[in-house]
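Please open the model in your viewer and keep the sequence beside it, so that each selection can be followed in both places. The tour begins with one residue and then widens to the chain.

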Amino acid sequence: MTTDVERPRHCWYDDSQESASGVDVLKLLRQYRDAETTMRTGVRADMDMGEKDILALRHLISAEGRGAVMRQKDIVSLLGITNASTSILVGRLVRDGYA
């Protein structure tokens, strides 16, 4: 006896449709990156922060979530900026209440 059993869903998209072509995937990736850029630009403007500030804050939040302590030398390494620039960046984050 055969029964109609729904196949378990393991993904968020509808996999019953045809597969996307490589060009379709690249177009969607471009749309995603454009949306991400727009979002990041808006966040930077709203928070009055530069790109490096946002990246540093992201790393700090991630470290906090893991229960790790991030030091200034870690930020230097992650962002590829000088100790002096990192010192100024950290000073801004602390001054503005983000760190």
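In which helix is the place of arginine 40? Select arginine 40 in this predicted model, and you will find that it belongs to helix H1, the element that covers residues 22-47.

Keep arginine 40 selected and display its side chain, which is joined to the side chain of glutamate 51 by a polar contact of 2.9 Å. If you then look for the residues in contact with arginine 40, setting aside those within four places of it in sequence, you will come upon Glu51, Leu55 and Arg58; Glu51 is thus a residue to show both for this contact and for the polar contact already mentioned.

Next, stay in helix H1 and select tyrosine 32, which is also found there. Add Leu26 and Leu29 to the selection and switch on the surface, where these two residues and Tyr32 form a nonpolar patch with a combined accessible area of about 330 Å².

Now clear the selection and colour the whole protein chain by secondary structure, which shows 4 helices and 0 strands, so that, read from the N terminus on, the order of elements is α-α-α-α. With the surface of the entire chain displayed, the accessible area comes to about 8,200 Å², and carbon and sulfur atoms account for 54% of it.

Finally, turn to the interior: of the 99 residues in the protein chain, 15% are buried. Among the contacts with a separation of 6 or more, 32% are between residues 24 or more positions apart.

How values were computed: Residues are numbered from 1 along each chain as its sequence is written. This is a predicted model: local features need pLDDT of at least 70, side-chain atom pairs count only at pLDDT 80 or more; totals for chains, interfaces and linings use all residues. Side-chain values use heavy atoms; hydrogens and water are left out. Helices (H or I, at least four residues) and strands (E, at least two) are DSSP runs, numbered from the N terminus. A polar contact is a pair of N or O atoms within 3.5 Å; within protein, one must be able to donate a hydrogen and the other to accept it, and residues adjacent in sequence count only if both atoms are side-chain atoms. Contact means heavy atoms within 4.5 Å. Buried means under 20% relative accessible area, exposed over 50%, partly exposed in between (1.4 Å probe, protein chains only). Accessible areas come from the Shrake-Rupley method with a 1.4 Å probe; for residues, only the protein chains shown count as cover. Patches are made of residues with over 30% relative accessible area and no salt bridge: like charges are joined within 9 Å, nonpolar side chains (Val, Leu, Ile, Met, Phe, Trp, Tyr) within 5 Å. A salt bridge is a side-chain nitrogen of Lys or Arg within 4 Å of a carboxyl oxygen of Asp or Glu.
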